[in-house]
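User: I have a new model open and want a quick tour. Can you walk me through it?

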Amino acid sequence: MTEPKTTRRQILKIGAAAGASAGIAALTGQASAQATATDPARADDLLIYQEGPKKDQPVKAADLKAGTAVWAMVVDPATKKPRDPVKGGVIIVKLASGKIQASSKPNAAGDVVAYSAVCTHQGCPTKQLGEIGSGKGKITCTCHGSIFDPADNAKVLGGPAPKRLAALPLKLDGSGQLVAKAAFTGKVGISK
Ligand code: FES
């Protein structure tokens, strides 16, 4: 049976519109408004340390030092469990004063920004800031050397990563804890 032409045209139109919307959101750093049941983060989700002396404790903006990063996990505030233990990993960076660029501001809480910790190349963890050369102060993936700029909405500065990391929009709750303002701004993980 042949597919009716009108149906096929409609499907193509819908696909093109969805692709355009996603592209615009990625470029502008705007938050996705519609979370789904499988999203690794949703509005009001908590962020807890994944390692170190504060492991499993909530991340407070006031405890972060400028120019440093921490590795955290997005958790459901009701269960305190990750919605997705891999895709819910984030790197939180407190930028030095005045460094944040316009592309990062919509998703930041002051000078604090958060991005998916899953590299868009082959999915390795991006959990640290580089210390030397072109990676200094930038999010680095040591698997194949991709470099992302935390001040510029995780723009790719080097290496094989095809796309920037998805941003996690942030806000502060009443006690100064960092929480998600919305779902990730784009697809988390490997991109083509
Ligand atoms: S997986 Fe990150 S650079 Fe290859």
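Analyst: We will go through the fold, the core, the salt bridges and a few local features. Keep in mind that this is a predicted model.

User: What does the secondary structure of the protein chain come to?

Analyst: One helix and ten strands. The order from the N terminus is α-β-β-β-β-β-β-β-β-β-β.

User: And how many of the residues count as buried?

Analyst: The protein chain has 192 residues, and 41% of them count as buried.

User: Which residues have the most contacts inside the largest nonpolar core?

Analyst: Leu47, Val59, Ile92, Leu168 and Leu178. That core has 22 residues.

User: Which elements give two or more residues to this core?

Analyst: They are β1 (46-49), β2, β3, β4 (112-116) and β10 (178-180). The most comes from β2, which gives three residues.

User: Switching to charges. How many salt bridges does the structure hold?

Analyst: Six. One of them pairs Asp44 with Lys171, with the closest N and O atoms 2.6 Å apart. This pair links distant parts of the chain, 127 residues apart. Asp44 sits in the loop between α1 (5-28) and β1, and Lys171 is in strand β9.

User: Are those two buried or exposed?

Analyst: Partly exposed is the answer for Asp44, at a relative accessible area of 42%. Lys171 also counts as partly exposed, at 29% relative accessibility.

User: What does Asp45 pair with?

Analyst: Asp45 forms a salt bridge with Arg83. The closest N and O atoms are 2.7 Å apart. Asp45 is in the loop between α1 and β1 and Arg83 is in the loop between β2 and β3, so the bridge ties together parts 38 residues apart in sequence.

User: Why does Asp45 count as buried?

Analyst: Because its relative accessible area is 0%, and buried means under 20%. Arg83 counts as partly exposed, at 28% relative accessibility.

User: Where does Glu51 fit in?

Analyst: Glu51 forms a salt bridge with Lys127, and their closest N and O atoms are 3.3 Å apart. Glu51 lies in the loop between β1 and β2, while Lys127 lies in the loop between β4 and β5 (128-129). They are 76 residues apart, so this pair also links distant parts of the chain. Glu51 counts as partly exposed at 37% relative accessibility, and Lys127 does too at 30%.

User: Which residues do shared partners join into one network?

Analyst: Asp45, Asp76 and Arg83.

User: OK, the surface now. Which residues gather in the patch of positive charge?

Analyst: Lys87, Lys163, Lys187 and Lys192. Lys87 is in the loop between β2 (68-75) and β3 (89-94). Its relative accessible area is 37%, which makes Lys87 partly exposed.

User: Last topic, the backbone. What is the phi of Lys80?

Analyst: About 60°, a positive value although Lys80 is not a glycine. Lys80 is found in the loop between β2 and β3.

User: Is Lys80 buried or exposed?

Analyst: Exposed, with a relative accessible area of 52%.

User: And what about the phi of Asn153?

Analyst: Near 55°, so it is positive in a residue other than glycine. Asn153 has its place in the loop between β7 (146-149) and β8 (155-158). Asn153 is buried, with a relative accessible area of 3%.

Conventions: Residues are numbered from 1 along each chain as its sequence is written. This is a predicted model: local features need pLDDT of at least 70, side-chain atom pairs count only at pLDDT 80 or more; totals for chains, interfaces and linings use all residues. Side-chain values use heavy atoms; hydrogens and water are left out. Patches are made of residues with over 30% relative accessible area and no salt bridge: like charges are joined within 9 Å, nonpolar side chains (Val, Leu, Ile, Met, Phe, Trp, Tyr) within 5 Å. Accessible areas come from the Shrake-Rupley method with a 1.4 Å probe; for residues, only the protein chains shown count as cover. A salt bridge is a side-chain nitrogen of Lys or Arg within 4 Å of a carboxyl oxygen of Asp or Glu. Lys and Arg count as positive and Asp and Glu as negative; His and the chain ends are not counted. The place of a charge is taken as NZ of Lys, CZ of Arg, CG of Asp or CD of Glu. Helices (H or I, at least four residues) and strands (E, at least two) are DSSP runs, numbered from the N terminus. Buried means under 20% relative accessible area, exposed over 50%, partly exposed in between (1.4 Å probe, protein chains only). A nonpolar core is a set of buried Ala, Val, Leu, Ile, Met, Phe, Trp, Tyr and Cys residues joined through side-chain atoms within 4.5 Å.
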